[in-house]
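Subject: The structure I promised you

Hi,

Here is the structure we talked about, and below it are my notes on what turned up. Have it open while you read, and tell me what you think.

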Amino acid sequence: MNRIVVTGQGVISPIGHNAADYWANLTKGVSGIGPITCQGADQLSQKNAGEVTGYDPLKYFSDKEIAPLDRTTQFAVIAAGEALAQSGLTIDEPLSLRTAVIVGTGIGGQSTIDESFRRLYEEKKSRAWPLTVPKLMPNAPASQVSMFLKLRGPAFGVVSACASATHAIGLAFQMVRSGMAEAAFAGGAESCISYGAMRSWEAMRVMSPDVCRPFSKDRKGMIIGEGAGMFVLETFDRAKARGANILGEIIGFGMSADAGDLTAPDKNGMARAMRGALEDGKLAPSDVQYVNAHGTGTLANDQTETAAMHVAFGDHAKKLAISSTKSMIGHALGAAGALELSAALMAAREGVAPPTTGYVERDPACDLDYVPNEARQMPINVAMSNSFAFGGLNAVLALRRM
């Protein structure tokens, strides 16, 4: 099997429109959670979200290019372009035919759906806009990345709710490791801060009215976020031969299904995915120093994930540095795993565990070290990124500092 490394990453997030700004603000504990600005926001009970503010699509796209692109897809293309630039890859014809594109999204073009329904139901239009379906389809981000970057290898979308991006990256890892592809662009994108989507989340009664405080005793729920993260994966031998700047090595991928409740988390399903990543990477629990947790800020998720880490890591769980970066950017659903892998990748590369902000008081059911409120300098050789989705779908990646 090939060793697989990351040679490029791109990010657009509530706390940075590129990977460098995103990481710098994570380590400073900067919050990107603020008032919702979407159409109809004044009618929402939920007032806060992690929006990508100050975003101007014309900085990245022409008017003609924007027309068929939902905001979700725009984010994916922007992040993929940044990842390509950092990687230094030259996409010639042979590499184009052997490069995969796999992009996860939980919902797809939600803003397009909302706008289409508004035209039909509120404005009483007789028909939808002709490009509605190509804009809203969940595979649009993968398709558009392949078209913008002229990549003609395997390309498809992954839809598994909040585990979508991690599943996408894990599948890309397996494809390049096995030799099925020579390189891959993989990650996730999401933008569903719209009136219809937020009304639906309000109905679930899992939302915080103000901020996101993962693992803290006074946590009140999750905050929706948006953004994208994309990565260039290639073999170590190829990256070394061309003198690439290697950001880190992906070494393990684990997946599981709870096969239980549609929304309630299960510690054993979570633990099986974490153990799967350890086994795939030939790691002992004691080899891991840092975990970027799923950490949504809901009562059920955080205590269940804590219990799962006790199951997966045993006594070593008490020695882990664990943080939830959702405390700063919200839960980006299908993009969450990509934004969090970026955080874990940089944590190992820079030797800094980003904080869990908003942490106020210890919860007896959450009894581990969550790096409260301030980033921590520490040696990190191996890091893990957890993604656990509605539907009981679990995906975990393990990576190593190079």
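Let's begin with Y55 and F75, which are both buried. Bear in mind that this is a predicted model. A search of the whole structure turns up 8 aromatic pairs. One involves Y55 and Y60, which are stacked, with 5.9 Å from centre to centre and 25 degrees between the planes. Y55 counts as buried because its relative accessible area is 13%, under the 20% cut-off. Y60 has 27% relative accessibility, so this residue counts as partly exposed.

Y55 also pairs with F75, this time edge-to-face: the centres are 5.2 Å apart and the planes are 75 degrees from each other. That pair connects distant parts of the chain, since Y55 sits in the loop between β3 (48-49) and α2 (63-66), while F75 belongs to helix α3 (residues 71-87), 20 residues apart. Put together, Y55, Y60, F61, F75 and F148 make up one aromatic cluster.

There is another ring to look at elsewhere: R3 lies over the face of F236, 4.3 Å from the ring centre.

Next, strand β4 (residues 99-104). How many of the residues of β4 are buried? The count is 6 of 6, so the strand is mostly covered. In a regular strand, side chains alternate between the two faces of the sheet. In β4 both faces are covered: T99, V101 and V103 on one side are buried, and so are A100, I102 and G104 on the other.

β4 has partners too. With strand β6 (residues 183-190) it runs parallel, joined by 6 bridges, and V101 has F185 as its bridge partner there. With strand β5 (residues 155-158) β4 also pairs in the parallel sense, over 4 bridges. On that side, I102 is bridged to F156 of β5.

Now the core. The largest nonpolar core holds 67 residues, and I169, I224 and L233 have the most contacts inside it. Helix α14 (residues 336-350) gives the most to this core, with 9 residues. If you want one residue to click on, try I169: leaving aside neighbours within four places in sequence, I169 is in contact with A186, G187, F231, L233, I250, A338, L341 and L397.

Two helices are worth viewing together. Helix α11 has 14 residues, which should span 20 Å at 1.5 Å a residue, and its end C-alpha atoms are indeed 20 Å apart. Its buried residues are G269, M270, A271, A273, M274, G276, A277 and L278. What do the buried residues of α11 pack against? They pack against β8 (248-257), α12, β13 and β14 (393-400). Just after α11, K282 takes a positive phi of about 55 degrees.

Helix α12 (residues 299-313) has 15 residues and reaches 22 Å from its first C-alpha to its last, close to the expected 21 Å. The buried residues of α12 are a mixed list: N301, D302, T304, E305, T306, A308, M309, A312 and F313. Among the elements covering them are α11 (267-280), β9 (290-292), β10 (321-323) and β13 (382-389). Just after α12, G314 takes a positive phi of about 60 degrees.

Last, a couple of backbone angles. Most residues other than glycine have a negative phi. A259 has a positive phi, near 55 degrees, and is not a glycine. You'll find A259 in the loop between β8 and α11, and its 77% relative accessibility is over the 50% cut-off, so A259 counts as exposed. L333 is another non-glycine with a positive phi, of about 50 degrees, and lies in the loop between α13 (326-329) and α14. Is L333 buried or exposed? L333 counts as buried, because its relative accessibility is 4%.

Shout if anything looks odd when you turn the model around.

Cheers

Conventions. Residues are numbered from 1 along each chain as its sequence is written. This is a predicted model: local features need pLDDT of at least 70, side-chain atom pairs count only at pLDDT 80 or more; totals for chains, interfaces and linings use all residues. Side-chain values use heavy atoms; hydrogens and water are left out. Rings of Phe, Tyr and Trp (its six-membered ring) pair if their centres lie within 6.5 Å; planes under 30 degrees apart count as stacked, over 60 as edge-to-face and the rest as tilted. Buried means under 20% relative accessible area, exposed over 50%, partly exposed in between (1.4 Å probe, protein chains only). Helices (H or I, at least four residues) and strands (E, at least two) are DSSP runs, numbered from the N terminus. A charge sits over a ring if NZ of Lys or CZ of Arg is within 6 Å of the ring centre and within 35 degrees of the ring normal. The expected span of a helix is 1.5 Å times one less than its number of residues. Contact means heavy atoms within 4.5 Å. Two strands pair if DSSP finds at least two bridges between them. A nonpolar core is a set of buried Ala, Val, Leu, Ile, Met, Phe, Trp, Tyr and Cys residues joined through side-chain atoms within 4.5 Å.
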